[in-house]
Each structure stands twice: as C-alpha cells, then as structure tokens.
Amino acid sequence: MPENYTALYEEHKKAGASFTDFGGWQMPLKYHSELSEHHAVRNAAGLFDLSHMGEVWVTGPDAAPFLDYALAGKLSAVAVGKAKYSLICQEDGGIIDDLISYRRPAGADGTDKYLVVPNAGNAAVVAAALAERAAGFDVTVEDVSAETSLIAVQGPNAEAILLTLVPAEQHSLVTELKYYAAVEVGLTVNATVQELLLARTGYTGEDGFEIYIPNEDAAGLWEALLETGAGRGLIPAGLACRDSLRLEAGMPLYGNELSREGNPYAANLGPVVSLAKESDFIGKAALSELKAAGAGSTTGRKLVGLKGLGRRAGRSHYPVLKDGNVVGEVTSGQPSPTLGYPVAMAYVDVEHAAPGTVLDIDLRGKAEPFEVVALPFYKHEK
C-alpha cells in the first residue's frame, strides 16, 4: 500500500512527531508524551490533524432521498446546519463504515447539499459505494478528500482559542453552535479572513471543533492555532492520545468495534438504524431480520464496557473469560489516564453482558478481573 502524507506532514516533523501508519497514511502518533497530550485535551486543549479522513459532497435534487437509500439513517430528516452520525451497510447488514453527514444550505439552484465524512481507511471505499448507489438518482457524488484538510481543536478551552481567530461580529456563530452542527465562519489564516466550514462534533469526549480547509492553507491555520492557543494550554496531539480519549468516551473505532462482519445491534448502534423510514435502503431487509432475532440483546454477542478491578490492562483480541471459559473478545483496551484504572471494550455473550457482571480477561495466561459497566467510562461535565 502506498504511503499517503497530509498537507501538515512537515509541520508534524518540525514539532518532533513520531509517525505511524493509519489507514495508509503516515500520521503523528505522538509528539512528546501521549499522556501529556491526553491530559491536555481533558484539561485545556489539543490540536489534531484529521486530514486523513474523507470528504464526499452529495448534491442535487435527489440528495436527501438518495442518502436515505444509501445509508441506514434518515438523512432527509436532518435540519440544514445540523449533522447526523450514521452507517453505510452491506446488503447483509455488515458495516462498511460509520460516518458523519452534514446538511448544508441549499445551493444557488435550490438543490440539497450534504457533506459525508467517512473514516480514513474507508474513504475511497465509501466514495465508490456512494457513486455506485447513486444510479437512478439525480445527484452528484464528488470525492474532495485529496484536496481537503481537516484540523480539530478539542478540549475545554477549544472555544476560547477558536474565537481569537474569528472576527468579533461572528463570535456568536461559534458560541451558539450546538453539538452535531456546522456553520460557515471567518477564520484568520495567513493574515486574511477565510470563510471555512466549522463543525462541532469530535471524537474525544470533550467539547471541540473541526475545521475543513483547502490543503494549501492548512499549515497557516495550524500555525495560527498553535500560536494563539499557547497561552491557553493548547498542544499538538497525536493518534495515541486520540485512541485513549475516544476509548474513555466509549466511542467505537472502525476495525476494532465495527466491521463488515459485525452488525449495528450488537454494537449498540440500533438507534442509528432507521427501519421506520418510508424508503427502502441497502441492508434494510437483513437488519430487520437481525432486529427481530434480537441480535445484540438476546442472542450472540454484545459490545460492553469493562472496568479493570486490578492494575493490568486488556488489549485488542485478548479473550474474555467466565469461570475459565471463553465468552468474548476485547476490541480495545488500555489503562485510562483520566480515571486511573484499566478500561476495555469487548464483545461478550449476551448472557454475561449485564452491568455488574464480573468477568476475566486472559492476559497472556493470567486471568485478570474486570467488571461490566455502562458506557461511556468518562463523560465531561458541561
């Protein structure tokens, strides 16, 4: 697989980042200490390069009904300016990817407009699937991932940092922006104010913003954010702390908790699937059967949170045991920097999935006790 580099690669090198392959991209794993980066996001702010994510515009008179058909959620019900977390599934209900779709104001011709954001490793696959599913709909599917950078500011100081780059007359656009919403706002980049798409979603369990910007301007925005945020505790943050942050927040990662072999009900994502929408959608028949069979509630395995009762952490693919018998498998796990004890997510047999159940994780031949708990492990105070 060829290596891909974001427009901010040189900025990361200058900052002393160590790199890792993620979805075919060379991404900063950490800059100095993943623990310090984790705590910065929880207590101040972290700056993330998410430019490996995909960006696919869906526009045209049939954009809303098309996305209702292509995705498991009801995108036609999303208000302009809002966003929705959804899934794109196979015919058998397997998950191709989880993604966020933003409904933007209609174009000059009055037609609907959505920005669909898939995960890094799945961006090309999702774009191709959307293009294939568009047959028969009056829509245009445009993959702009290669020319778009995505920068995120996450943490309790994120809003204050961002406001320093926004003209005073537009501050209310930022302060009044709700969770899972987006707006066009002016940001000072390279001494000029540019109108950029600003979203308030995030993947850390903290308040935060994502900024979509052309590749050629990404370095200027990155540097401006670091400069203005230095006095408010902002530091660059890599994938290592992003993983520990999202795990504490109980957020699934594609390839760990989600896959083509899994299904939304076992992953606790049943509410994301809109079986009630009037239109048919790809995977609907299979998902209807899975729901009727009680997948993830009365049969098979279900995704749960596990709180360590000792000091050792479980890791991905470690067996989960009950009375010495294998009843599940860890999907993600590590010590929680915020909480001070090990946490993990795992698929376990539904009869052992109730909160309060004590299970063991096989840590290379030694059984370590864990307790099933409700997700998320951590939730920030507003």
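1. A strand, such as β7, is a DSSP run of E with at least two residues, and strands are numbered from the N terminus. Keep that in mind as you read, and remember that this is a predicted model.

2. Let's start with the biggest opening. The largest pocket has a volume of about 1,200 Å³. Its lining takes in 49 residues, and those closest to the pocket centre are Tyr-179, Tyr-180, Gly-202, Tyr-203 and Met-251. Which strand gives the most to this lining? That is β7, with four residues. At least two lining residues each come from β7 (95-104), β10 (148-154) and β13 (208-214). If you sort the lining of this pocket by class, you get 29 nonpolar, eleven polar and nine charged residues.

3. Now for the runner-up. The second largest pocket has a volume of about 350 Å³. Of its 16 lining residues, Asn-256, Glu-257, Ser-259, Thr-331 and Tyr-347 sit closest to the centre. Strand β17 (residues 325-335) supplies the largest share of this lining, three residues. The classes here come to four nonpolar, eight polar and four charged residues.

4. There is also some closed-off space to look at. How many cavities of 30 Å³ or more are there? The count is one. The largest cavity holds about 40 Å³ of space. Its lining is made of Met-27, Pro-28, Phe-48, Asp-49, Leu-50, Ala-237, Gly-238, Leu-239 and Arg-242. Two or more of these residues come from each of β3 (25-30), β4 (45-49) and α8 (239-248). In terms of class, the cavity lining has six nonpolar residues, one polar residue and two charged ones.

5. Next, the core. The largest nonpolar core has 31 residues, and among those with the most contacts inside it are Leu-162, Leu-187, Leu-198 and Leu-225. Helices and strands both feed into this core: β4, β10, α5 (158-163), β11, β12, β13 and α7 each give two or more residues. Helix α7 gives the most, with five.

6. Leu-162 is a nice residue to click on if you want to see how the core is put together. Setting aside neighbours within four places in sequence, Leu-162 is in contact with Val-174, Leu-187, Leu-198, Phe-209, Ile-211 and Leu-225.

7. Right beside Leu-162 in the sequence is Ile-161, which belongs to helix α5. Is Ile-161 buried or exposed? Its relative accessibility is 0%, so Ile-161 counts as buried, given that buried means under 20%. Not counting residues up to four places away in sequence, Ile-161 touches Ala-45, Leu-225, Thr-228, Gly-229, Arg-232 and Leu-234. One of these, Ala-45, is 116 residues from Ile-161 in sequence, yet the two C-alpha atoms are 8.6 Å apart in space.

8. Helix α7 deserves its own check. Why should α7 span 21 Å? Helix α7 has 15 residues (215-229), and at 1.5 Å a residue, counted for one less than the number of residues, the expected span is 21 Å. The end C-alpha atoms of α7 are 21 Å apart, so the model agrees. The buried residues of this helix are Asp-217, Ala-218, Gly-220, Leu-221, Trp-222, Ala-224, Leu-225, Thr-228 and Gly-229. When you look at that spacing, recall that an α-helix has 3.6 residues a turn, so residues three or four places apart point the same way.

9. You can do a similar exercise with helix α2 (residues 34-43), where Glu-37, His-38, Ala-40, Val-41 and Arg-42 are buried. What do the buried residues of α2 pack against? Their partners are β3, β4, β10, β14 (234-236) and α8.

10. Finally, a few backbone oddities. Most residues other than glycine have a negative phi, and most peptide bonds are trans. The peptide bond from Leu-375 to Pro-376, though, is cis, with omega near 5°. Pro-376 is found in the segment after β20 (366-373). Asn-190 is not a glycine, but its phi is positive, near 55°, and this residue lies in the loop between β11 (182-189) and β12 (192-199). Asp-323 has a positive phi of about 55° too. Asp-323 is in the loop between β16 (319-322) and β17, and its relative accessibility of 67% is why it counts as exposed, since the cut-off for exposed is over 50%.

Conventions: Residues numbered from 1 in each chain as written. Predicted model: local features only at pLDDT ≥ 70, side-chain atom pairs only at ≥ 80, totals over all residues. Heavy atoms only, no water. Buried < 20%, exposed > 50% of the residue type's maximum accessible area, 1.4 Å probe, protein only. 1 Å grid on protein atoms, 1.4 Å probe; cavity = no way out; pocket = protein on both sides within 12 Å on 5 of 7 lines; lining within 4 Å. Points joined across faces, edges and corners; volume = space filled by probe spheres on them. Nonpolar A, V, L, I, M, F, W, Y, C, P; charged D, E, K, R; others polar. Core = buried A, V, L, I, M, F, W, Y, C linked by side-chain atoms within 4.5 Å. Contact = heavy atoms within 4.5 Å.
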